[in-house]
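User: Please take a close look at one part of this model, starting with the backbone and going on to the side chains around it. A plain account will do.
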Amino acid sequence: MTRQISRRSMLKASGVAVGAAAGIGAAGGTAAAAGTGAAFAHPGLLHTRTDLDRMAAKVKAGAAPYAAGFARLTANRHAQSGWQARPQAVVYRGSGTPENYSLLYNDIHAAYQNALRYHVTGESAYADTAVAVLNAWSATLTAVNGSADRFLAAGLYGYQFANAAELVRDHGDFELARFQEMLSKLFGAVSDDFLVRHNNAVVSNYWTNWDLANMACVLATGIFCDDRAQVTRAVDYFKHGAGLGSIGNAIPVVYEDGLAEWLEAGRDQGHALLGVGLMGTFCEMAWNQGIDLYGYDGSRFLKGAQYVAKWSLGGQVPFTASTRRKGAIGGWSGSETVTAAAGVDPSMTRPIWAMIANHYTKRRGLSATYVTQIAAKAAPEGGGGDYGPNSGGYDQLGFGTLTFTRDRVSEGKATGGTTSSSPSPGASASASASAKASASGSASASAPGSAAASASSSPSATGKGDDLAATGTGDIVAWSAGAGITALAGGLLLLRRRARGGQ
């Protein structure tokens, strides 16, 4: 049984009322103002101060594989100082709208890559370029609109924006407060609302990646804006959320061979890879704030990642049929059953594996055979702009060979990929917090890494797909304050055979 969380309980936990809106919702005030408790460690999203110092030292020494990873960064056209931002007042994503969201994701990747290059080289021109791009958008953007795909835009580009900005948050020219307000109102609030209402759809209407993208945005926004309640909501959703992005629904079946079925393997390879990358991103950001989700539920994520890695390498994997309900609340309804893992192209490569492989094998000393193999095959990982011109090549930030390669914490025995006596999460983040207390005016900060699926996450507009297309209640929905409980009541039917460890 899937545990469902009512809209009322989520809002009570957050202490924030989510406003209704046809285009984008906006909660009053910045996330920083809404937060309680001590500030989070900064930099502390996908990269900590320890990570950034390690990259710089390894590249300076010409160490492998960091040098190859850095070469991929410097070769990317987005990583060049002097990149000119093209900010828009309104960003649109989705069919039936004047789509311009490619301008946004290209600028975000330019800001991230320049900021990362600054931390490796110390050359201020790269930091200045990143700040100029981020400031231009926070001064201009007023809305994220479109079809149901606007939620993908809010989720994907919200978490990426936060990570790029985290790398330069202490730069003297960076408009931190203005950026926090934009991130909170135009990205975080929309993603939060999606996790509560799911666009007024049956809760299982949207595939796993829709939840995961918006979960990543809520978590990243909470950390960047020092909003502890928002972080708590995101973590609770990861563990117990009603939608397909919570870990028990995204990875519904654990098999006796130590693999765990990834739900979207029944859809296609590109979306499964995207989901693994997004869940890894979520776990890494949480880890750097002292929250261990990598090891949650017997390292369930590792088992799911191993499954997708083996399958993507062309190996045979088990599959348990599942049925998900689809439809709009008070509108059309239907269901979809998947009975087998989809076909794969073993040559498909996405920069999502270095982060995951290094966590489990280096931080925890676990065996992760298939993840290690596919990470080696993908190395050195590139980033946005290296995996095609379409949005799927920009769904994650990439450059994991440079950013996530690390030395093994201890030489203890591998445990075969289940639970372990893990190192303390957030150890480097704690060190970063201490350093920040004594150097709050320094001109540095943090960022992310890892890229995703070849196929876009955009659903078809048929009235039967991932989103509520032009029929039924429609793509662009003005929500009422009371819609949430009904939206969560749709339920998820997962038919499990040979299951072990499922919820």
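Analyst: P43 is found in the loop between α2 (31-34) and α3 (49-60), where helices are DSSP runs of H or I with at least four residues, numbered from the N terminus. The model is predicted, so local features need pLDDT of at least 70 and side-chain atom pairs pLDDT 80 or more, while totals for chains, interfaces and linings use all residues. Residues are numbered from 1 along each chain as its sequence is written, and side-chain values use heavy atoms, without hydrogens and water.

The bond leading into P43 comes from H42 and is cis, with omega about -5°. A cis peptide bond also runs from A379 to P380, with omega near -5°. P380 sits in the loop between α15 (369-378) and α16 (400-404).

The backbone also shows positive phi values at residues that are not glycine. D226 has a phi of about 55° and belongs to the loop between α9 and α10. The relative accessible area of D226 is 18%, so D226 counts as buried (buried is under 20%, exposed over 50%, partly exposed in between, with a 1.4 Å probe and protein chains only). S299 likewise has a positive phi of about 55° without being a glycine. Its place is in helix α13 (residues 296-312), and S299 is buried at 1% relative accessibility.

Beyond the loop that holds D226, T232 is part of helix α10 (residues 228-240). T232 is partly exposed because its relative accessibility is 48%. Its C-alpha atom is 8.3 Å from that of L219, and the two residues are 13 apart along the chain.

On the other side of that loop, helix α9 (residues 208-224) packs with helix α8 (residues 176-197): their axes come within 9 Å and cross at roughly 145°. The axes are lines fitted to C-alpha atoms over the stretch in contact, with angles from 0 to 180 degrees between N-to-C directions. On the α8 side the contact includes L176, F179, L183, F187 and L195, and on the α9 side W210, M215, V218 and F224 are among the residues; contact means heavy atoms within 4.5 Å.

Ring pairs join F161, F174, F179, F187 and F224 into a cluster. Rings of Phe, Tyr and Trp (its six-membered ring) pair when their centres lie within 6.5 Å; planes under 30 degrees apart are stacked, over 60 edge-to-face, the rest tilted.

By this rule there are 19 aromatic pairs. One of them is Y101 with Y105, an edge-to-face pair with centres 5.7 Å apart and 65° between the planes. Both residues belong to helix α5 (residues 101-121) and are 4 residues apart, about one turn of the helix. Y101 and Y105 are both buried. Y105 also pairs with Y157: the centres are 5.9 Å apart and the planes at 40°, so this pair is tilted. Because Y105 lies in α5 and Y157 in helix α7 (residues 150-166), the pair ties together parts 52 residues apart in sequence. Relative accessible area is 4% for Y105, which is therefore buried, and Y157 is buried at 0%.

W262 is a further aromatic residue to follow. Leaving out residues up to four places away in sequence, W262 touches L212, A250, I251, A272, G275, V276, M279, F301, G304, Y307 and V308.

Key
Helix = DSSP H or I, 4+ residues; strand = E, 2+ residues; numbered from the N terminus.
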